[in-house]
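Subject: A structure for you to look through

Dear colleague,

I am handing over the structure below, and I would ask you to keep it open while you read the notes that follow it.

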Amino acid sequence: MNSFTITITNCLDCPDHDVRPIYTPDSWDHEEGCYCKLVKDVKGHDKLVAGDDWHLRRYTDIPGWCPKL
């Protein structure tokens, strides 16, 4: 039987992430957030890993609370 292993070093490479816009009062802001689909916050929404307007990959290293660690 064959098996394989995927090494993930960034949340953006994980199949269980979702990138969605973060809406702010400033209409010129184009901030995006990386959300984990496996972990929910206190309100029951997908947990925000990081948000940024230009360099999202820079801030989405695997957090310590990741269930896949």
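Before the strands are described, one term is needed: two strands are said to pair if DSSP finds at least two bridges between them. In general, strands of a sheet pair through backbone hydrogen bonds, either parallel or antiparallel. Please bear in mind throughout that this is a predicted model.

**The sheet**

The model contains an open sheet of 3 strands, which follow one another in the order β1-β2-β3 and pair in the antiparallel sense. Because β1 (17-21) and β3 (46-52) stand at the edges and each has a single partner strand, one side of each is left without a neighbour in the sheet. If direction is ignored, neighbouring strands of this sheet are turned against each other by 30 degrees on average.

Between β2 and β3 the antiparallel pairing runs over 6 bridges. To find this pairing on your screen, you could start from Tyr-35, whose bridge partner in β3 is Leu-48, and then go to Glu-32, which stands opposite Asp-52 in β3. The hairpin of β2 and β3 has 5 residues between the strands, and in this hairpin Gly-44 takes a positive phi near 90 degrees.

**The cysteines**

How many disulfides does the structure hold? The count is 0, and two of the cysteines help to show how this comes about. A disulfide is a covalent bond between the sulfur atoms of two cysteines, and the cut-off used here is that the two sulfur atoms lie within 2.5 Å. For Cys-14, the closest cysteine sulfur is that of Cys-66, and because the distance is 6.3 Å, the two are too far apart for a bond. For Cys-36, the closest cysteine sulfur is likewise in Cys-66, at 6.1 Å, which is again too far for a bond.

Are these two residues buried or exposed? Since buried means under 20% relative accessible area, Cys-14 counts as buried at 12%, and Cys-36, with 10%, is buried as well.

**The largest pocket**

The largest pocket has a volume of about 170 Å³. It is lined by 15 residues, of which Cys-11, Cys-14, Ile-62, Cys-66 and Lys-68 are the closest to its centre, so that Cys-14 and Cys-66, the pair compared above, appear here again. By type, the lining divides into 12 nonpolar, 1 polar and 2 charged residues, and its largest share, 3 residues, comes from strand β2 (residues 32-40).

With best wishes

Technical notes:
Residues numbered from 1 in each chain as written. Predicted model: local features only at pLDDT ≥ 70, side-chain atom pairs only at ≥ 80, totals over all residues. Heavy atoms only, no water. 1 Å grid on protein atoms, 1.4 Å probe; cavity = no way out; pocket = protein on both sides within 12 Å on 5 of 7 lines; lining within 4 Å. Points joined across faces, edges and corners; volume = space filled by probe spheres on them. Helix = DSSP H or I, 4+ residues; strand = E, 2+ residues; numbered from the N terminus. Nonpolar A, V, L, I, M, F, W, Y, C, P; charged D, E, K, R; others polar. Axes fitted to C-alpha atoms, helices over the stretch in contact; angles between N-to-C directions. Buried < 20%, exposed > 50% of the residue type's maximum accessible area, 1.4 Å probe, protein only.
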